[in-house]
Amino acid sequence: MEPIQIELPTIFESMTVNTWLIKGPEPTLIDCGENTDKLWNALINGLKVNGLGITDIKKVIITHGHLDHIGMAKRITEHCDATIWVSEYVYDWAIHLKMMLDRRSGVIMEVMEKNLPSKEREQYFKFGYKELAPYWDEIPKDRIQVFPMEGTLNIGEEEWEIIYTPGHCINQTCFYNPKSGYLLSADMLLPIIAIPIIDAGIKPPYNRVKSLAMQLESYKKLKKLHITKTFPGHFSAFENTLALIEKQERKIQSRKEKCFALIENGISQVIEIVHQVYPKRVNDATIFMVVGLLDILMDEGRIEYEEIDGLYHYSSITKKVVFS
Ligand SMILES: [Zn+2]
C-alpha cells in the first residue's frame, strides 16, 4: 500500500511538513507536524479528503524528535484512541520535553559560543524550550508504545524494517518495506540535503555528536537497500533514490573541499566560511552544515583550531608540514 501524502503548514512560512497516511484496517500516520490550529485544520481536512476522520487513526509513528514531526502528537491523543509509537531514542523527547530541549540547545549554544561572534549568535539561534514549547507537548505515557532501533514494525499490515539513520537528528529512524521497496525517509533523505542539526549524544555525558559525519554513514546504510520510491518528511515522494544519495554525497564532499581551500587561504572563522560557501544563505542551517564539514576535516587530520579571545580559529595542518 502506497503512503498518501498530507502536506501540513509549519511555523516557518515557506516550509511544509508531511504526515504520511497509510490506510487499511489500522489507519496510521507517519509523523504529525507541530501543534498549531492551522496545522490541526489542515490535518483534519487532509484526512477528510481521504474519507477518514481523526477518530479513525489507530497509530501515529514518529520518525524523530523534532518539533515538526512530533509536536501535534499529544493533541491527537486528546481526540482519538490512537497510540503514539516512538523509538527507544525518541522516548525521552515524548515524556521529558524540557530536559531534552535544554540538553539539545545547550550543546548548540556551546558550539556557537566558540564559533560565532555574539551578534550573529543572537541573530541565528533561538532553539530553546521558551521558543519551541508552545508548539510541542509531552505525550501521556499510557498512550505511548516504544519500538527498538532495529527490527521490524507493522505498518498497514506489512512488516517494515526499522533503519536507524542518525545525522539530521541523533534519534532518527527510517522505515523500509522490502516487499515494495518503499522507504519512509523522514528527514534523512529529502530532495535537498538535510540539515545536520547539532545535537547531544544519546548516552551520558551527552556530549555533542558529529551530525554530518553520522549523516554520511547513514547514506551508506541506505545505499545497501533496493529502494523503489522514497516518501520524505518534507517535499514530495521521489524515485531514483540511489542517484540522489550519490549526488548529495558528492555535493557534501565538494563543499568540504571548498571549506578546506578557504582555510588554507587564511579564512579562519566559521562565520566567514559560511559567508563564502553560502553567500546568499547565511542562516542556522548553513552554519550547522559548515560546523559539520569542519568536524570531518578535523577527523581527516587536515585542519586544527586554536582559541583566540574566546573564538575558535581554524587553520590547515598540511601547510605546516616541513619537507626536508
Ligand atoms: Zn522536519
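Is Glu157 buried or exposed? With a relative accessible area of 59%, Glu157 is exposed, where exposed means over 50%, buried under 20% and partly exposed anything in between, taken with a 1.4 Å probe on protein chains only. Before going on, a word on ground rules: this is a predicted model, so local features need pLDDT of at least 70 and side-chain atom pairs count only at pLDDT 80 or more, while totals for chains, interfaces and linings use all residues. Residues are numbered from 1 along each chain as its sequence is written, and side-chain values use heavy atoms, with hydrogens and water left out.

Back to Glu157, which sits in the loop between strand S7 (151–155) and strand S8 (158–164). Helices and strands here are DSSP runs numbered from the N terminus (H or I with at least four residues for a helix, E with at least two for a strand). Glu157 is not a glycine, yet its phi is positive, at about 65°. Asn240 does something similar: it is no glycine either and has a positive phi of about 50°. You'll find Asn240 in the loop between S11 and H9, and at 62% relative accessibility it counts as exposed.

Now for the metal. The zinc ion is coordinated by Asp68 (OD), His69 (NE2), Asp187 (OD) and His234 (NE2), at 2.0 to 2.3 Å. Donors are N, O and S atoms within 2.8 Å of the metal (3.2 Å for Na, K and Ca), and since water is not among the atoms, sites may look incomplete. Why is the arrangement irregular? Because the 4 donor atoms subtend angles of 85 to 168° around the zinc ion. For the record, four donors count as tetrahedral if all angles lie between 85 and 135 degrees; four count as square planar and six as octahedral if opposite donors are over 155 degrees apart and all others between 65 and 115; anything else is irregular.

Along the sequence, the donor residues follow the spacing D-H-x117-D-x46-H. Asp68 and Asp187 link distant parts of the chain, 119 residues apart: Asp68 is in helix H2 (residues 67–70), and Asp187 is in the loop between strand S10 (182–186) and helix H8 (211–223). Both of these aspartates, Asp68 and Asp187, are buried. The loop between S10 and H8 also holds Pro205, which is joined to Pro204 by a cis peptide bond with omega at about 5°.

Follow the chain into helix H8 and you reach Met214. Met214 has 24% relative accessibility, so it counts as partly exposed. Leaving aside residues up to four places away in sequence, Met214 touches Pro166, Gly167, Ile170 and Val209, with contact meaning heavy atoms within 4.5 Å. Ile170 is 44 residues from Met214 along the chain, while their C-alpha atoms are separated by 8.5 Å.

For a contrasting environment, try Leu47 in helix H1 (residues 37–49). Leu47 counts as buried, because its relative accessibility is 0%. Its contacts, again not counting residues up to four places away in sequence, are Ile6, Leu21, Leu29, Leu52, Gly53, Ile54 and Ile57. Of these, Leu21 is 26 residues away in sequence and 8.3 Å away in space, C-alpha to C-alpha.

Helix H9 (residues 241–264) is next. H9 has 24 residues and reaches 35 Å from its first C-alpha to its last, close to the 34 Å expected at 1.5 Å a residue; the expected span is 1.5 Å times one less than the number of residues. Its buried residues include Leu244, Ile245, Glu249, Arg255 and Phe260. Among the elements covering the buried residues of H9 are H8, helix H10 (270–277) and helix H11 (284–299). Just after H9, Gly266 takes a positive phi of about 95°.

That leaves the empty space. The largest pocket holds about 1,200 Å³. Of the 42 residues that line this pocket, the closest to its centre are Met15, Ile195, Ile197, Asp284 and Ala285. Elements supplying at least two lining residues each include H2, H9 and H11. As for enclosed space, the structure holds 1 cavity of 30 Å³ or more. H11 gives the most to the lining of the largest cavity, with 4 residues. On a 1 Å grid over the protein atoms alone, a cavity is a set of points where a 1.4 Å probe fits but cannot get out, and a pocket is an open set with protein on both sides within 12 Å along at least five of seven lines; lining residues have an atom within 4 Å of a point. Grid points are joined across faces, edges and corners, and a volume is the space filled by probe spheres set on the points.
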